[in-house]
Amino acid sequence: MFFIKKIVTFLLLITIFGCSTENIVKINTINDKSIAIETPNNKYNILLKEYLKRKFNNEKELQADFVLKADISFTSNKTLSLGNSKAVNTTSGLTKYTLIDNNSNLLVKSGSIKTFPALGFSSNSLYSNERSLDHIKERLSQNSANKLYIITHITLRKLIEN
């Protein structure tokens, strides 16, 4: 009985590892594609570019296969909170992007990403309000970079599979 359990466990492990090796080859071909990232030269676009560089790991090739152009902008609104009569600031980010095939100069995908609004409470200090807004914009830049990486990765997978 013990011998049969060992055989069943061994066959189960071989089946799992055998099915997963095919997917590893497909994912590695996507990771071999290099992407050049272009953004305007302001603080939050440069942050977006650096977050995207960390995600894509483009250290292998000099010539990029794709060019990703991205631009982030922010909008702030004042809303009333439920418990207080003080105004609460909501800030949301909008990232416009285009993904272009560098070899053929064809547009692969373009669109925009809207982040979920982040809340920031206003205080009497101008310095603390500005620092709070800076931190919110940095978090929204990172959030946009994560979403843009996922969208780009899915687009490249669909492009390579077809």
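## Exercises on a predicted model

The strand β1 has two faces, a covered one made by I35 and I37 and an uncovered one made by A36 and E38. The exercises below start from this strand, and the structure they use is a predicted model.

**Exercise 1.** Explain why covered and uncovered residues take turns along β1, and find the strand that β1 is joined to.

*Solution.* Begin with the general rule: in a regular strand the side chains alternate between the two faces of the sheet. Next, apply the rule to β1, where I35 and I37 belong to the covered face, while A36 and E38 belong to the uncovered one. Finally, look for the partner strand: β1 and β2 run parallel and are joined by four bridges, and A36 has V67 in β2 as its bridge partner.

**Exercise 2.** Describe the largest nonpolar core, and state which element gives it the largest share of residues.

*Solution.* First, note that this core has 22 residues, among which I35, L48, L52, F56, L68 and L148 touch the most other members. Second, list the elements that each supply at least two of the core residues, namely β1 (35-38), α2 (43-56), β2 (66-80), β3 (87-101) and α3 (126-161). Third, the largest share, six residues, comes from α3. As a last step, follow one member, F56, which, when its neighbours within four places in sequence are left aside, is in contact with I35, I37, L68, Y149 and T152.

**Exercise 3.** Decide whether S141 and L11 are buried, partly exposed or exposed, and describe the surroundings of each.

*Solution.* Take S141 first, a residue of helix α3. Its relative accessible area is 0%, and because buried means under 20%, S141 is buried. Apart from neighbours within four places in sequence, S141 is in contact with Y44, L48, Y51, I72 and F74. Now turn to L11, which has its place in helix α1 (residues 2-31). L11 has 49% relative accessibility, and because exposed means over 50% and buried under 20%, L11 counts as partly exposed. Together with F3, I7, F10 and I14, L11 makes a nonpolar surface patch of about 530 Å².

**Exercise 4.** Summarise the chain as a whole, starting with the order of its helices and strands.

*Solution.* Count the elements first: the chain has three helices and five strands, and along the sequence they follow the pattern α-β-α-β-β-β-β-α. Then consider burial, where 28% of the 162 residues count as buried. The exposed area is about 11300 Å², of which carbon and sulfur atoms supply 59%. Lastly, of the contacts between residues at least 6 apart in sequence, 65% join residues at least 24 apart.

Notes:
Residues are numbered from 1 along each chain as its sequence is written. This is a predicted model: local features need pLDDT of at least 70, side-chain atom pairs count only at pLDDT 80 or more; totals for chains, interfaces and linings use all residues. Side-chain values use heavy atoms; hydrogens and water are left out. Patches are made of residues with over 30% relative accessible area and no salt bridge: like charges are joined within 9 Å, nonpolar side chains (Val, Leu, Ile, Met, Phe, Trp, Tyr) within 5 Å. Accessible areas come from the Shrake-Rupley method with a 1.4 Å probe; for residues, only the protein chains shown count as cover. A salt bridge is a side-chain nitrogen of Lys or Arg within 4 Å of a carboxyl oxygen of Asp or Glu. Buried means under 20% relative accessible area, exposed over 50%, partly exposed in between (1.4 Å probe, protein chains only). A nonpolar core is a set of buried Ala, Val, Leu, Ile, Met, Phe, Trp, Tyr and Cys residues joined through side-chain atoms within 4.5 Å. Contact means heavy atoms within 4.5 Å. Two strands pair if DSSP finds at least two bridges between them.
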